[in-house]
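Here are my notes on the model, set out point by point. They start with helix packing and then turn to the sheet and to confidence.

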Amino acid sequence: MSLLSVKNLSTRFTTEHGAVDAVRDVSFEIQPGETFCLVGESGSGKSVTGLSLMRLLSQSTASHPAGQALLNSPRLQSGAVDLLRQDETAIARIRGARISMIFQEPMTALNPVMTIAEQIMEPLMMHLSMDETAARARALELLEQVHMPDPATRLKEYPHRLSGGQRQRVMIAIAMACEPDLMIADEPTTALDVTIQAQILELMAELQARRNTAMLFITHDLSVVAQIADHIAVMQQGRIVESGSRDQVLYRPQHAYTRQLLAALPSRLKRRTAAHHVDSGDTVVNIENLKVYFPVRRGVLQRHVDDVKAVDDVSLAIRRGRVLALVGESGSGKTTLGRALLRLVPSTAGRVSFRDQNLLSLSARAMQPFRSALQIIFQDPQSSLNPRLSIATTLTEPMAVHGIGANQSERLQKAGDLLLRVGLEPEMLRRFPHEFSGGQRQRIGIARALALGPEFIVCDEVTSALDVSVQARILALLDELRSEMNLTYLFITHNIDVVRYFADEVAVMYQGRIVEHGPVVQVCDHPNHPYTRKLLAAVPRFD
Amino acid sequence: MSEVAATPSNHQSETFSARVLRQTIASNGARFGLAWIGLVTLCAVFAPLLANSHPLLMRVGGNWSSPLLEHLTWIDTTLLAAFFVGLGLWMQRRRLSGSRALLLMMVLVTIAGSISYATVSPPVAVVLDQYRTGLADGSIEEAIFVPIAYSPTDRSRDNPLSLTAPDRLHLMGTDEDGADVFSRMIHACRIALGIGLVATGIALAIGILYGGIMGFFTGWIEILMMRFLEIFESIPQLFLLLTVVAFFGRNIYLIMAVIGLTSWPGYARYLRAEFLKLRRQDFVQAAQASGLPIFSILFRHMLPNGVAPLLVAASFGIASAILAEAVLSFLGLGVVDEPSWGGMLNQAVGPGGTFAVWLATYPGLAIFLTVFAYNLIGEALRDAIDPHLQRPVS
């Protein structure tokens, strides 16, 4: 008998503007001890499914017009219970004890004003009625099981002292505390670096095997799925379009949508032909010994005691018409380097040469003409457009400042052409950012960077917040634009698969320094530096 | 994020300001607040047409004339002009963008104000008793009065009598000078509204400029500006007001300016905090990367995104400015000629220890309701802006 059997689950949100069915007629079964992956793009209803099972959705807006979710836990005296039809007290006894949950964002999932010990002990004392000493001993044991370094000291600390990976370990410890039958993990590794992701996945598999815990793993990342899943269900627009065993779904997909998702994976995409582009040998931007230090000040007199070396003595030549990928984990200084080039972050020392000028020594006024030649596209399409300005204003204001176009109507014409070029409609100029989807906003961000006719664009994690299918289309667009307008990209990313597909050269950054730099094929296939090797090994493989 | 989504359904195509406005108006508290402020505004604008001793029309020797219109001051005409310009622009709001409408309004009102100032000159010496004696002895053959036939400064010791309790002739009674309380209540709306708007306007203007600069620049500029702000905050407003009134006399504009000049640090702090947050946003970085001028980055890209908490603070600020004026007037240091609610409260207790209930009740209630109304609006605004109170929409 299966542990959890979900039949015809639907979840409806009642909003001011009518009802929205986020989940429709979803059925699946999870066996004890197996890993069941729910895959889908954003808005597909996969997270809502998980939250519905935990009954964590707001009762005032969410309802379940149909369906049942039978939990058949061997440790429940009452036999199988329908999670959707339990009252608040009954579900509270199940939550945390029989089913537990791990969230995506480890930075916000822990309570910042409670110590680690208190947060692990709370469910133990609640559900298992342990006394304080027993709970504390158990908490220590749990931290050891999730391989937390120095667990005894960590117990007394507050969450802000821990790194993202360590916090996720604490979250897992809390989720495992009462030895649940089912663990729902909602994108638990998405916010983590690949090397940390590999460690966390390994840890979850280990704990799962030890206790025979079943796992509902919600993710958008098919490479992760390929590594851990027993069964897979693919969701699209609130429905499950395909489900089956891992090998069936990933290697013999039946549904068109599943095939489309698999085809959009960067590791499956054919490497850009233009990657073998002629190398003119001409350097556009030359970085010499660039240092960006953030001073650490202490005491009443704000004494300068130390520096955080975000970028530490980096030299890099970016050649015309090429795509140079800058790869590194969070905190490696890659974003700071990209912004320091454009003088969005003040640099401490070094030279950035562009058209025989050192950009770093120019006054703000002298920098002005170079602003149009050097542009940037950002990661988060949510925050990269001013929510209060129409698209027309966002695009034409910089043009006016740089004297592009004789009058406003000419600039509007040009802005409309740009939107057309990036795959949008000129009529959209009158709209505001909130009327667009993430992918569309990213296209507008690209149009804004192109508006001033740049030579060099810093692409800062431009596809990280996007779904794979959208990512594939945005990358294709960037590639077309590059050859059409003879652009040069500094492509900052953490995704090795995207680098393989898209870049000509790659520079690997680690703790503010460039540890390896060379052609993509050479670095990816024959890495020299130990860090590069570790990074490449941690990338989930799927072929 | 799927690229095909973005169905332009109702709530998605709504701008932030439109949503905030809709949600603010949806709350009952704000509706009451806005209704009361609207009533006070109407009273303030149409005060001379609601309560006036001058007849609207009178016939002397067979000729009709309108002493009321002849005695309008330039302030009366400017307020009326501003009201109708505002109403006209509101009707045309679909064709005009918000900022353009505001600019047009300011220009038109300034023009109307200067024309009124130059052309409108009511007679200086006014004897309000002339109409009553004229009607009594028949030299005025016929006269049509506005609903309340008493000017706020129509002081006559015998008709009307001083300190009469409310009756059919004087709905809210008379004060110790014999002036009609209802009339004074209506005319006092001007000070109540004006003090709140002008003082808060001054404070907002300084606060936005100061806070914006503080929030965008770091280092020594910010540290110095912050210390100066702290010095300013340590000045007690009421004592400064008392001192200024003692030295420079009871001038309503001076009082407005002092309240404005002492209450900006709060707004500057709010805006600084907002700007510190916004400065790291990608769209601000993008504006910098495009080489936009600093003025545009600060006031076009950052300010509209950070102004919301300021508006909440401002609606509470208006309320406290009204209270400050009421306190001054209550202490007998307010304006002399113009009626003000606080000043009327002060008159409730006479020199001999007599207590006129009607003189305490009506102005007290008006002050309470106005302050309450602004607080309700501020609260509704805050709820509409606060993202934590938003209902999750999947």
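1. In this predicted model, helix H7 (residues 181–216) of chain B packs against helix H11 (residues 264–278) of chain B at an angle of about 35°, the axes being 7 Å apart. The crossing of H7(B) with H11(B) is right-handed.

2. On the H7(B) side, the residues that meet H11(B) include Ala203(B), Leu204(B), Ile206(B), Gly207(B) and Ile208(B), and further along Tyr210(B), Gly211(B), Gly212(B), Met214(B), Gly215(B) and Phe216(B). Among their partners in H11(B) are Trp264(B), Tyr267(B), Ala268(B), Tyr270(B), Leu271(B), Phe275(B) and Leu276(B), together with Arg269(B), Arg272(B) and Glu274(B). By class, the residues of this contact between H7(B) and H11(B) are 14 nonpolar, four polar and three charged.

3. A second helix pair in chain B is formed by H9 (residues 237–248) and H10 (residues 252–262), whose axes come within 10 Å and cross at roughly 150°. Angles over 145 degrees count as roughly antiparallel, and H9(B) and H10(B) are therefore described that way. Their crossing is right-handed.

4. H9(B) contributes Gln237(B), Leu240(B), Leu241(B), Val244(B) and Phe248(B) to the contact with H10(B). From H10(B) come Leu254(B), Ile255(B), Val258(B), Ile259(B) and Thr262(B). Eight of the residues in the contact of H9(B) with H10(B) are nonpolar and two are polar, with no charged residue.

5. Chain A has an open sheet of six strands, in the order S7-S8-S9-S3-S10-S11, and the pairing is mixed. Strand S7 (99–102) and strand S11 (239–245) of chain A are the edge strands, each paired on one side only. From one strand to the next, the twist averages 15°.

6. Within chain A, strand S3 (residues 35–40) runs parallel to strand S9 (residues 214–219), and five bridges join the two. Opposite Cys37(A) stands Phe217(A) of S9(A).

7. On confidence, the model has an ipTM of 0.77 and a pTM of 0.77. Chain B has a mean pLDDT of 82, with 92% of its residues at 70 or more. Where in chain B does the pLDDT fall below 50? One such stretch is residues 1–12 of chain B, which has 32 contacts in the model beyond near neighbours in sequence. Another is residues 390–394 of chain B, where pLDDT stays under 50 and the model has eight contacts beyond four places in sequence.

Definitions and conventions: Residues numbered from 1 in each chain as written. Chains lettered and ligands numbered in written order. Predicted model: local features only at pLDDT ≥ 70, side-chain atom pairs only at ≥ 80, totals over all residues. Axes fitted to C-alpha atoms, helices over the stretch in contact; angles between N-to-C directions. Helix = DSSP H or I, 4+ residues; strand = E, 2+ residues; numbered from the N terminus. Parallel < 35°, antiparallel > 145°, perpendicular 65-115°, else oblique. Left-handed = near helix turned anticlockwise from the far one by under 90°. Contact = placed C-beta atoms within 7 Å. Nonpolar A, V, L, I, M, F, W, Y, C, P; charged D, E, K, R; others polar. Pairing = 2+ DSSP bridges. pLDDT = per-residue confidence, 0-100.
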